[in-house]
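Me: Could you walk me through this one by question and answer? I'd like the reasoning along with each result.

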Amino acid sequence: MGALAQVLSPLAGLTGRFEAALMDAARLQQADDEARMESDYLGLKPTEQAVLSRMLEQGPRYRPYDAEALRSYREKTGHPVSAAQAQRALEALRQRTPPFVWKSARGEYALEDAAMHRWFEKLAGAGRWPPLPPQGTLPQEDD
């Protein structure tokens, strides 16, 4: 919608075909969105990154507290992660602005923005998941 509004703006100075201008604006918007998602992901605590990564990898099969999930969190963070720590990480992901995670009334979790899954698939398909900071991995404090 942002790309459409940009192209339709009288200030856009559109000189070529509308469709081409819209596609160019949409590609730029997608690149900006992906850069923001990467920056936001890299700003998370390690446990939050592990929980979000697992959620992205599992999609609708995601179960936050089963033994396999806790093992995955441990592998990603390098230390044991309890169910309570995973729950705090999920809550932190829900409280972000904008939120990364949505929780149903039945206690099921899902991504708030479907574009994040497309971003994950693109990086994973290129062998670049998880994203790393430009200077490499730095030790971080966690909960």
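What follows is a run of short questions with worked replies.

Me: What kind of model is this, and what pLDDT do local features need?
Reply: Residues are numbered from 1 along each chain as its sequence is written, and side-chain values use heavy atoms, with hydrogens and water left out. It's a predicted model, where totals for chains, interfaces and linings use all residues, side-chain atom pairs count only at pLDDT 80 or more, and local features need pLDDT of at least 70.

Me: Let's start with helix 3: how far does it reach from its first C-alpha to its last?
Reply: Helices here are DSSP runs of H or I with at least four residues, strands are E runs of at least two, and both are numbered from the N terminus. The expected span is 1.5 Å times one less than the number of residues. Helix 3 covers residues 46-58, 13 residues, and its reach is close to the expected 18 Å: it comes out at 18 Å.

Me: How many of the residues of helix 3 are buried?
Reply: Buried means under 20% relative accessible area, exposed over 50%, and partly exposed in between, using a 1.4 Å probe and protein chains only. Among the residues of helix 3 that make the cut are T47, V51, L52, M55 and Q58. The helix is mostly covered, and the count of buried residues is 11 of 13.

Me: Which elements are included in what covers those buried residues?
Reply: Contact means heavy atoms within 4.5 Å. By that rule, the cover over the buried residues of helix 3 includes strand 1, strand 2 (109-111), helix 2 (18-42), helix 4 (67-77), helix 5 and helix 6.

Me: Which residue follows helix 3, with a positive phi?
Reply: Helix 3 runs over residues 46-58. The residue that comes after it has phi near 60°, and that's G59.

Me: On to charges: is E34, the partner of K122, buried or exposed?
Reply: A salt bridge is a side-chain nitrogen of Lys or Arg within 4 Å of a carboxyl oxygen of Asp or Glu, and K122 and E34 meet in one at 2.9 Å, N to O. K122 sits in helix 6 and E34 in helix 2, so this pair ties together parts 88 residues apart in sequence. K122 is partly exposed at 46%. E34 has a relative accessible area of 12%, so it's buried.

Me: Which helices does the E57 and K76 pair link?
Reply: The side chains of E57 and K76 meet in a salt bridge, 3.3 Å from N to O. These residues are 19 apart, and the pair links distant parts of the chain: helix 3 and helix 4.

Me: And is R17 exposed or buried?
Reply: R17 forms a salt bridge with E19, the closest N and O atoms being 3.3 Å apart. E19 is partly exposed at 45%. R17 has 60% relative accessibility, so it counts as exposed.

Me: How many salt bridges does the structure hold?
Reply: Side chains of opposite charge can pair when their charged atoms come close. The pairs include R17 with E19 and E57 with K76. The structure's total is 8.

Me: Now the rings: what sort of aromatic pair do Y41 and W129 form?
Reply: Phe, Tyr and Trp rings (the six-membered one for Trp) pair if their centres lie within 6.5 Å; planes under 30 degrees apart count as stacked, over 60 as edge-to-face and the rest as tilted. By this rule there are 4 aromatic pairs. Y41 and W129 are 5.0 Å centre to centre with 50° between the planes, so the pair is tilted.

Me: Which residues do ring pairs link into a cluster?
Reply: F120 and W129 form an edge-to-face pair, 5.0 Å centre to centre with 85° between the planes, and both are buried. Y41 is buried as well, at 3% relative accessibility. The linked residues are Y41, W119, F120 and W129.

Me: Where are the cis peptide bonds at P98 and P130?
Reply: P98 is found in the loop between helix 5 (83-95) and strand 1 (101-103), while P130 lies in the segment after helix 6 (114-125). Omega is about -5° for the bond into P98 and near 0° for the one into P130. The bonds join T97 to P98 and W129 to P130.
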